[in-house]
Amino acid sequence: MTRDYKPCRKYREELCAVLSGEFPAEDRAGLENHLEACADCQRYRDEIGSVAAVLAAGGELFREVQPGETTQARWAKEFGAAVEPAQSMATKVFRGILDWSRDMVWPGRRIWAGMAAIWIVILGLNASQRTKGETQASSHQPPPKMMRALLAREGFLPGPGRTVGESEAESSRPLSNAAQK
């Protein structure tokens, strides 16, 4: 099953702007093309159109009903808060990612959750394998014979045929000119 990216949210917002009369006529071509192809948006347009018609007729039906001053002030405040100020580039990118995730991730959220669970299991197994390997490496010590041979080779212990005094005397002797070159 494949899911295509459907930018219906953007077109539905534009559709609301068209019905309110605030959408420029020159930008309607993309919206009309989308409406021809998308049955869901056509159904949405019909529903919003019927609601807009009732609201438009409501002004004529209830002329005597006028909101009070406090209601008008509250509405003005809420409308002012709803109008978005100029957004920074970071905010636009963040909102774009959120819109994409709503359109792409949310419809397949069970699939994404399954994939996330699989990755968590894989990471857990990797972490447990590392700790096992680290404990095995740290618990492995060379045998005492090997340590004595290494220390003797490096001159910390007397080797075969040498005494402790000879190895100290060799290390304290200055190097000859041939050995220094």
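In the predicted model, arginine 102 and aspartate 99 both belong to helix α5, which spans residues 89-105. The two residues are three positions apart, so about one helical turn separates them. An α-helix has 3.6 residues a turn, so residues three or four places apart point the same way. The two side chains form a salt bridge, in which the closest N and O atoms are 2.9 Å apart. Arginine 102 is partly exposed, with a relative accessible area of 41%, and aspartate 99 is likewise classed as partly exposed, at 29%.

A comparable arrangement is found in helix α4, which covers residues 69-82 and contains both arginine 74 and glutamate 78. These residues lie four positions apart, about one turn of the helix. A salt bridge joins them, with 3.8 Å between the closest N and O atoms. Arginine 74 has a relative accessible area of 45% and is partly exposed; glutamate 78, at 45% relative accessibility, is also partly exposed.

Another salt bridge links the side chains of aspartate 46 and arginine 45, at an N to O distance of 3.7 Å. Aspartate 46 is partly exposed, with a relative accessible area of 49%, while arginine 45 falls into the partly exposed class at 32%. In general, side chains of opposite charge can pair when their charged atoms come close. Across the whole structure, the search identified four salt bridges.

The interior was examined next. The largest nonpolar core consists of ten residues, namely Cys8, Tyr11, Leu15, Ala17, Val18, Phe23, Leu31, Leu35, Cys38 and Cys41. Helices α1 (8-20) and α2 each supply at least two residues of this core. The greatest contribution is that of α1, which provides five residues.

Helix α2, comprising residues 28-37, has buried residues at Leu31, His34 and Leu35. When the helix is viewed down its axis, the buried residues fall within an arc of 100°, and they therefore line one face of α2. On the other side of α2, Asn33, Glu36 and Ala37 are exposed. Two of the buried residues of α2, Leu31 and Leu35, are listed among the members of the largest nonpolar core.

Helix α1 also contains glutamate 14. This residue has a relative accessible area of 18%, and residues under 20% are classed as buried, so glutamate 14 counts as buried. When neighbours within four places in sequence are left aside, glutamate 14 is in contact with Phe23 and Leu31. Both Phe23 and Leu31 are members of the largest nonpolar core.

Nonpolar residues also occur at the surface of the model. Ile111, Trp112, Met115, Ile118, Trp119 and Ile122 make up a nonpolar surface patch of about 630 Å². Tryptophan 119, one of the residues of this patch, lies in helix α6, which extends over residues 109-139. Its relative accessibility is 53%, and the exposed class begins over 50%, so tryptophan 119 counts as exposed.

Definitions and conventions: Residues numbered from 1 in each chain as written. Predicted model: local features only at pLDDT ≥ 70, side-chain atom pairs only at ≥ 80, totals over all residues. Heavy atoms only, no water. Buried < 20%, exposed > 50% of the residue type's maximum accessible area, 1.4 Å probe, protein only. Arc of directions from axis to C-beta. Core = buried A, V, L, I, M, F, W, Y, C linked by side-chain atoms within 4.5 Å. Contact = heavy atoms within 4.5 Å. Patch = residues over 30% accessible without salt bridge, like charges linked within 9 Å, V, L, I, M, F, W, Y side chains within 5 Å. Areas by Shrake-Rupley, 256 points an atom, 1.4 Å probe, with all protein chains shown as cover.
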